[in-house]
Amino acid sequence: MIELKNVSYTYASEKDPCLKDISIRAENGKITLCTGVSGCGKSTLIRLMNGLAPHYFGGKVEGDVLIDGVNASMMSLNEHSTSVGSLFQEPERQFFALNVEDEIAFALEWQGIKRDEIKKRVNRVISLFNLGDVRNNPIDALSEGQKQKVGLASIVALGVKNIILDEPTANLDVESTSELASILNDLKEQGYCIFIVDHRLYYLSEYADSVIVMSNGSVCKEGGFEILTDEIVKDFGLRKASVPDRRDQLKRADRSKDSVVRTEDLTFYYQEGKSIFDNLNISFPKGIHVLLGKNGVGKTTLCRLIFGLEKQKGGRVVFDESYTGNPLAFGSIVLQNTDYQLNMRTVYDELESCFYLAGIKDSKDKVDNMLKKLDLSLYANRHPQSLSGGQKQRLVIGMAMCKNPKIIILDEPTSGLDGRNMRIIKDMLKDYAQQGNCVVIITHDLELVDDDSFDAIEIGQ
């Protein structure tokens, strides 16, 4: 069990508290869901629960954080980590080994557990999480859903009963999200304390025992899943509590229209021989399109090939007649990992540099307008890497739009976005497409694609 009693927390670099008088309880045998707009304090709350604050981040803690009844102020970070396990949004960042079995065994070996006991625990969690088919596979060859399962399996193998998950569905497809929910419910029934921070809500409608809504560092609503009414969702900028799966209902893109970009007999395979495309012919007309296909069919690879970030083995990529020779001068791509695209000292500098590269030297008004559209005006002078995940996502999308590209391709653009900002980005992309441009979205976000103005382009059929 994890309990916070009248807890406030202030980072060492800040004057004002990030969390203010928080009193909540996550109980054994229950799933607690915490949500709220980006920057409301959810990540800081997790850091208090898993001990990273104040042990790593420093700062001042007021009130009591209790882990299984023990005050966290009396624990070292090592002691704290044996009582609380955390699974982050990108689990590969917390992996150490090269393959699945070794990763699960890694922490057990560091704890000095005997070899026979390690083998027993590894076999148990591999069976529990249905990882038998991939137990000897390289970590980097796994799907996002499989990586989530390996991360959870590692925590369960350690015997940790308090589990925190940070945006666990941000990079998962619909089927993997459903599977994760079922696994978490199984753990709940085994008596685990499950605390989930997520913007996506619908997948826990049958499993969450309590819901906490945060705003400006405080708990503003608390209760069962039923508190997530349309009014609460709207007032607090949340995701919807119920979302239909409309993927099969999306109209297919009209391939007879003039294309902004197309592939002709595109062939690509990796060095180890895995074939991705064999004479692929596909076109992207003007409008806003959702690129569909199962995990592993090559959606992200196709987009990288279009912009020359991968080299095709055969065939070619053809742009329309306004193409000037450099794919990245003609269009923009927003990668799934935003950190790789942020290089400047401030948020303002990131946008200003993008306008400059587009040939706009006096861009102050344009930068200010873009900051306003992205709801980032208050963060103009912040270092980009200090932003929340959702704020980074909005920033890189704005950067991609600065040069007014003819085609923009976005890989999971709404991962980590709250409801309000997801809708802001959605409206920006729709407006951009209506100006005669092409927008292609790779996404597993059912709420994003719940729109009649979107159509579908499918590969892997």
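This section describes the annotated domain, the internal spaces, the aromatic contacts and the backbone features of a predicted model.

An unreviewed UniProt entry carries the annotation "domain: ABC transporter", which covers residues 2–241 and 261–461. Over residues 2–241, helix accounts for 33% of the chain and strand for 25%. The end C-alpha atoms of this stretch lie 25 Å apart. Strand β9 spans residues 210–215 and contains Ile212. Ile212 has a relative accessible area of 1% and is therefore buried, the limit being under 20%. A separation of 188 residues along the chain lies between Ile212 and Ile24, yet their C-alpha atoms are 8.4 Å apart.

Two cavities of 30 Å³ or more were found in a search of the whole structure. The largest cavity holds about 40 Å³ of space. Its lining consists of Gly145, Gln148, Lys149, Leu172, Ser176, Glu179, Leu180 and Ile183. Two elements, α6 (144–157) and α7 (174–189), each give two or more residues to this lining. The most is given by α7, with four residues. By residue class, the lining of the largest cavity comprises three nonpolar, three polar and two charged residues.

The second largest cavity has a volume of about 30 Å³. Residues from separate parts of the sequence line this cavity, namely Glu167, Ala170, Asp198, His199, Arg200, Arg239, Thr414, Ser415, Gly416 and Leu417. Two of the lining residues of the second largest cavity are nonpolar, four are polar and four are charged.

Among the pockets, the second largest has a volume of about 1,300 Å³. Its lining is made up of 32 residues, and Leu142, Glu144, Lys147, Thr300 and Gln336 lie nearest its centre. Helices α6 and α9 (299–306) are the elements that give two or more residues to the lining of this pocket. Helix α9 gives the most, with four residues. The lining of the second largest pocket divides into eight nonpolar, ten polar and 14 charged residues. Helix α6 thus appears in the linings of both the largest cavity and the second largest pocket.

Seven aromatic pairs were counted. In one of them, the ring centres of Tyr56 and Phe57 are 5.0 Å apart and the planes meet at 85 degrees, so the pair is edge-to-face. Tyr56 is exposed, with a relative accessible area of 62%, whereas Phe57 is partly exposed, at 29%. Tyr202 and Tyr203 form another edge-to-face pair, with 6.3 Å from centre to centre and 80 degrees between the planes. Both Tyr202 and Tyr203 are buried. Ring pairs also join Tyr56 and Phe57 with Tyr9 and Tyr11 in a cluster.

Two contacts between a charged side chain and a ring were also noted. The charged end of Arg47 sits over the ring of Phe57, at 4.1 Å from the ring centre. Phe57 therefore takes part both in an edge-to-face pair with Tyr56 and in a contact with a charged end. The charged end of Lys426 sits over the ring of Phe454, and the distance to the ring centre is 5.7 Å.

Helix α1 covers residues 42–50 and is largely enclosed by the rest of the structure, because seven of its nine residues are buried. The buried residues are Lys42, Thr44, Leu45, Ile46, Leu48, Met49 and Asn50. Gly51 follows α1 and has a positive phi, near 90 degrees. Helix α2 (residues 52–55) includes Pro54. The peptide bond from Ala53 to Pro54 is cis, with omega near 10 degrees.

Most residues other than glycine have a negative phi, and most peptide bonds are trans. Asp68 has a positive phi, near 50 degrees, although it is a residue other than glycine. Asp68 lies in the loop between β4 (60–67) and β5 (70–71), and with a relative accessibility of 44% it counts as partly exposed. Asp265, likewise not a glycine, has a positive phi of about 50 degrees. Asp265 is placed in strand β12 (residues 259–269). The relative accessibility of Asp265 is 41%, so this residue counts as partly exposed.

Technical notes. Residues numbered from 1 in each chain as written. Predicted model: local features only at pLDDT ≥ 70, side-chain atom pairs only at ≥ 80, totals over all residues. Heavy atoms only, no water. 1 Å grid on protein atoms, 1.4 Å probe; cavity = no way out; pocket = protein on both sides within 12 Å on 5 of 7 lines; lining within 4 Å. Points joined across faces, edges and corners; volume = space filled by probe spheres on them. Nonpolar A, V, L, I, M, F, W, Y, C, P; charged D, E, K, R; others polar. UniProt positions renumbered as here; feature names shortened; annotations may be inferred. Phe/Tyr/Trp six-rings, centres within 6.5 Å; stacked < 30°, edge-to-face > 60°. Buried < 20%, exposed > 50% of the residue type's maximum accessible area, 1.4 Å probe, protein only. Lys NZ or Arg CZ within 6 Å of the ring centre and 35° of its normal.
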